[in-house]
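Me: I'd like a close look at one spot in this protein, and then a walk through what else is worth seeing. Here is what I have on screen.

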Amino acid sequence: MSRLNTIARRLAFGALVSACSFGVFAETSPITDEQKKNAEALIQKALKSDLGYSIVESLTTEIGPRLGGSEAEKRARDWGVVVGERLGFDKVSIEEFTMPFWDRGHLHISLTAPYAQPLYGTALGGAAPSESEINADIVYFRDIHALTAVKDGALKGKIAFVDGDAMVKSQTGAGYGQANQRRRIGWQHAQRGGAEALVVRSVGSDSHRFPHSGMMSSDGDNWADIPVVAISNPDADHLRRLHNLGKPLSLSLHSESKWKGEVNSGNVILDLVGSEKPEEIILIGGHLDSWDLGTGAVDDGAGVAITTAAAALIASLPERPKRTIRVVMFGAEEVGLLGAFAYAKQHEKNLENHVLATESDFGAQTIWQVVSNVNPEATVLVDEIAKILSPLGIVRGGSDIAGGGPDIIPLAAKGVPTIRLNQNGRDYFDLHHTPDDTLDKIDPDELAQNIAAYAASIYLLADSDVDLKAKQ
């Protein structure tokens with residue numbers, strides 16, 4: 001039985017249960033009968049629609065990889081404007097900001113001892129170029145903790161290699177934060193030790209020879225002065241085995257990655273203007289940029305497609321919801337949430353009217369849970385929304401979970417209420433920041449389930465009479 005058929009049966013059963021119990025809950029529910037009917041109609045329409053898939057197909061095929069600050073990201077912004085206008089949004093605009101541009105350039109990395117073998121690697125965001133080919137012995141560190149203990153100058157003339165372990169596949173992505181430390185801060189300790197370069201195990205859960213890219217953390221205003229490269233999990237396994245055999249290890253490495261000055265980026269804004277409370281904004285979105293190894297289908301073309309398609313379906317209703325629904329296609333997320341911080345700064349005088357925010361940025365598999373961080377009255381509303389979403393296989397999670405998604409962090413820090421429709425991320429870190437992040441990894445039925453959940457929940461929140469503003 002297909003996933004859509006299973007969902008359809010759940011919806012039919014849910015409608016029957018709702019009809020039988022309507023008299024019990026009608027007086028206390030903050031959702032009217034008409035709103036519930038509209039939400040269920042949106043779910044049905046979303047499950048049958050291919051709009052979301054056509055959006056992500058268009059983005060990944062017509063634009064391709066979209067590194068933050070690149071010419072491709074600019075073309076993606078222009079694409080976003082065209083999509084918004086064609087789908088009938090009331091207002092479409094680009095809010096520009098400036099950013100430093102880092103370019104990956106060409107990389108060569110090979111094992112040279114105990115024998116010659118090419119390795120599959122990629123420069124990490126913010127890494128410096130090598131002035132010439134580096135040929136040096138490897139100093140092996142089992143994990144990031146071992147590297148942080150290195151003495152100043154102890155790695156002079158060497159290449160540091162930080163191992164670790166492949167991530168364990170998880171629905172929630174648990175373990176990413178800890179594993180990510182070698183990518184984020186490893187360079188600071190390798191550079192302090194005097195290393196010629198740093199090589200790290202990729203942060204991912206796959207067993208393919210695909211390296212995972214990603215941004216490093218700066219040290220204040222300073223970035224790495226050495227090349228920093230992530231190699232695939234199988235290549236890291238290979239180096240570990242050679243090390244455990246007591247073999248002397250050497251690498252040859254040449255990287256052209258470097259900073260290239262200030263450039264323009266921007267956020268694409270698509271508004272459905274509210275019919276009664278247009279000043280109150282419910283913000284949803286995904287990030288338009290991607291890393292440049294794949295085509296950014298899962299991270300985060302899917303999120304752009306899910307939220308844009310959901311809003312477009314809401315726009316097809318006979319009347320606009322009471323509040324404004326704003327879709328933001330954030331720019332330059334991968335290189336430091338730059339679009340998110342720019343948005344928060346540009347709208348800082350109006351953040352009190354941003355009554356809710358959420359982002360889709362964890363792939364394209366099905367949503368399984370809704371969590372929130374809203375006021376008590378709005379919590380009751382989210383509880384009721386979760387009941388309507390339950391036939392989609394979605395359960396109610398915590399009501400005190402801050403966040404809303406990576407690009408929502410600056411807004412949440414300023415007190416904007418949030419919800420999050422949590423996706424199943426078991427495959428996410430197989431694909432995350434790799435050449436394997438391509439359109440074929442997206443299941444159209446799973447994408448449709450996401451859009452159905454977003455369309456129903458965002459409509460109900462936007463049309464509700466419940467006060468969604470944060471309580472002081």
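Is T358 buried or exposed?

Reply: T358 is buried, with a relative accessible area of 1%. Buried here means under 20% relative accessible area, exposed means over 50%, and partly exposed is in between (1.4 Å probe, protein chains only). Before going on, bear in mind that this is a predicted model, where local features need pLDDT of at least 70 and side-chain atom pairs count only at pLDDT 80 or more, while totals for chains, interfaces and linings use all residues. Residues are numbered from 1 along each chain as its sequence is written, and side-chain values use heavy atoms, with hydrogens and water left out.

T358 belongs to strand β13, residues 354-359. Go 16 residues along the chain to A342 and the two C-alpha atoms are 17 Å apart.

Now zoom out. Of the 472 residues in the chain, 58% are buried. There are 14 helices and 16 strands, taken as DSSP runs numbered from the N terminus (helices: H or I, at least four residues; strands: E, at least two). The C-alpha trace spans about 75 × 45 × 45 Å along its principal axes. The radius of gyration is 24 Å, which agrees with the value near 23 Å for a compact globule of 472 residues; this radius is taken over C-alpha atoms, and the globule rule is 2.2 Å times the number of residues to the power 0.38.

On to the charges. Side chains of opposite charge can pair when their charged atoms come close. Counting a salt bridge as a side-chain nitrogen of Lys or Arg within 4 Å of a carboxyl oxygen of Asp or Glu, you get 23 salt bridges. R240 is a good place to look: its side chain meets D163 at 2.6 Å, N to O. That pair links distant parts of the chain, with R240 in helix α8 (residues 233-244) and D163 in the loop between β6 and α6, 77 residues apart. D163 counts as buried because its relative accessibility is 0%. R240 also forms a salt bridge with D165 at 3.1 Å, and here the partners are 75 residues apart. D165, at 45% relative accessibility, counts as partly exposed.

For a local pair, try E384 and K387, which meet in a salt bridge at 2.9 Å, N to O. Both lie in helix α11 (residues 376-389), 3 residues apart, about one turn of the helix. E384 is buried at 16%, whereas K387 is partly exposed at 45%. Back at R240, salt bridges that share partners join R142, D163, D165, R201, D237 and R240 into one network.

The backbone has some oddities too. A cis peptide bond joins A113 and P114, with omega about 15°, and P114 sits in the loop between β2 and β3. Another cis bond runs from D299 to D300, with omega near 5°; D300 lies in helix α9. L337 is not a glycine, yet has a positive phi of about 55°. L337 is in the loop between β12 and α10, and at 15% relative accessible area L337 is buried. H433 has a positive phi as well, near 65°; H433 lies in the loop between α13 and α14 and is buried at 6%.
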